[in-house]
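Please open the model in your viewer, with a cartoon representation and a way to select residues by number. The stops below go from the whole chain to single residues.

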Amino acid sequence: MFKGLLPIGSVVLLSGSTKKVMIIGVCQRGGNDPEKIWDYTGVVFPEGFIAPDKMFMFNNEQIEQIFAMGYQDEEQLAFKKKIDVVIENLRKA
């Protein structure tokens, strides 16, 4: 399994779901608990963004399968190193 956060554009299947989700954001706050920080925000795939109430907040442990990895380059890899540390520190707090 992939370690740390997946890149934007990754397509995954969440546990208990039959519909794929594409990641459009990382380290997001919101949902029913505005103080909670989620690993990801996603939209249904292949439809994409439909409406704000059709977006999903979820965490790494909810991912059952990875179908596609999002684009990765030097900028994304540097960002991933930083955000993985931030997320780890937030979970310890």
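How many helices and strands are there in the protein? There are one helix and five strands, where helices (H or I, at least four residues) and strands (E, at least two) are DSSP runs, numbered from the N terminus. Before selecting anything, note that this is a predicted model, in which local features need pLDDT of at least 70 and side-chain atom pairs count only at pLDDT 80 or more, while totals for chains, interfaces and linings use all residues. Residues are numbered from 1 along each chain as its sequence is written, and side-chain values use heavy atoms, with hydrogens and water left out.

**The whole chain**

Colour the cartoon from the N terminus onward, and the pattern read along the sequence is β-β-β-β-β-α. The radius of gyration is 13 Å, close to the 12 Å that the globule rule gives for 93 residues, so the protein is as compact as a globular protein of that length; the radius is taken over C-alpha atoms, and the rule is 2.2 Å times the number of residues to the power 0.38. Taken along the principal axes, the C-alpha atoms fill a box of roughly 30 × 30 × 20 Å. Of the 93 residues, 32% count as buried, where buried means under 20% relative accessible area, exposed over 50%, and partly exposed in between (1.4 Å probe, protein chains only).

**The sheet**

Select the five strands next: they form an open sheet in the order β4-β3-β2-β1-β5, with antiparallel pairing, and two strands count as paired if DSSP finds at least two bridges between them. β4 (55–58) and β5 (63–68) stand at the edges with a single partner strand each, so one side of each is left without a neighbour in the sheet. From one strand to the next, the twist averages 45 degrees.

Start at the β5 edge, where strand β1 (residues 11–14) pairs with β5 in the antiparallel sense over four bridges, and show Leu14, which stands opposite Ile63 in β5. Helix α1 (residues 74–92) packs on the sheet, touching β2 (20–30) and β3 (33–44), and its direction makes about 60 degrees with that of β2; axes are lines fitted to C-alpha atoms, for helices over the stretch in contact, and angles run from 0 to 180 degrees between N-to-C directions.

Move on to β2 and β3, which pair in the antiparallel sense over eight bridges; Val26 has Tyr40 in β3 as its bridge partner. At the other edge, β3 and β4 pair in the antiparallel sense over four bridges, and there the bridge partner of Thr41 is Met57 in β4.

**The core**

Which residues make up the largest nonpolar core? Select Leu5, Leu6, Val12, Leu14, Val21, Ile23, Val26, Tyr40, Phe58, Ile63, Ile83 and Ile87, the twelve residues of this core; such a core is a set of buried Ala, Val, Leu, Ile, Met, Phe, Trp, Tyr and Cys residues joined through side-chain atoms within 4.5 Å. β1, β2 and α1 each supply at least two residues of this core, and β2 gives the most, with three residues.

Centre the view on Leu5 and, not counting residues up to four places away in sequence, look for its contacts (heavy atoms within 4.5 Å): Leu5 touches Val26, Asp39, Tyr40, Asn60, Lys80, Ile83, Asp84 and Ile87.

**Loops and the helix**

Go to the loop between β3 and β4, where Pro46 is found, and inspect the peptide bond joining Phe45 and Pro46, which is cis, with omega about 15 degrees. Gly48 has its place in the loop between β3 and β4 too, and counts as buried at 13% relative accessibility. A distance label between the C-alpha atoms of Gly48 and Met22, 26 residues apart along the chain, should read 7.5 Å.

Next, select Asn59 in the loop between β4 and β5. Is Asn59 buried or exposed? Asn59 counts as buried, at 8% relative accessibility, and, leaving aside neighbours within four places in sequence, is in contact with Lys36, Ile37, Trp38, Asp39, Tyr40 and Arg91.

End the tour in helix α1 at Val86, which is partly exposed, with a relative accessible area of 38%. Val86 and Tyr71 are 15 residues apart in sequence and 21 Å apart in space, C-alpha to C-alpha.
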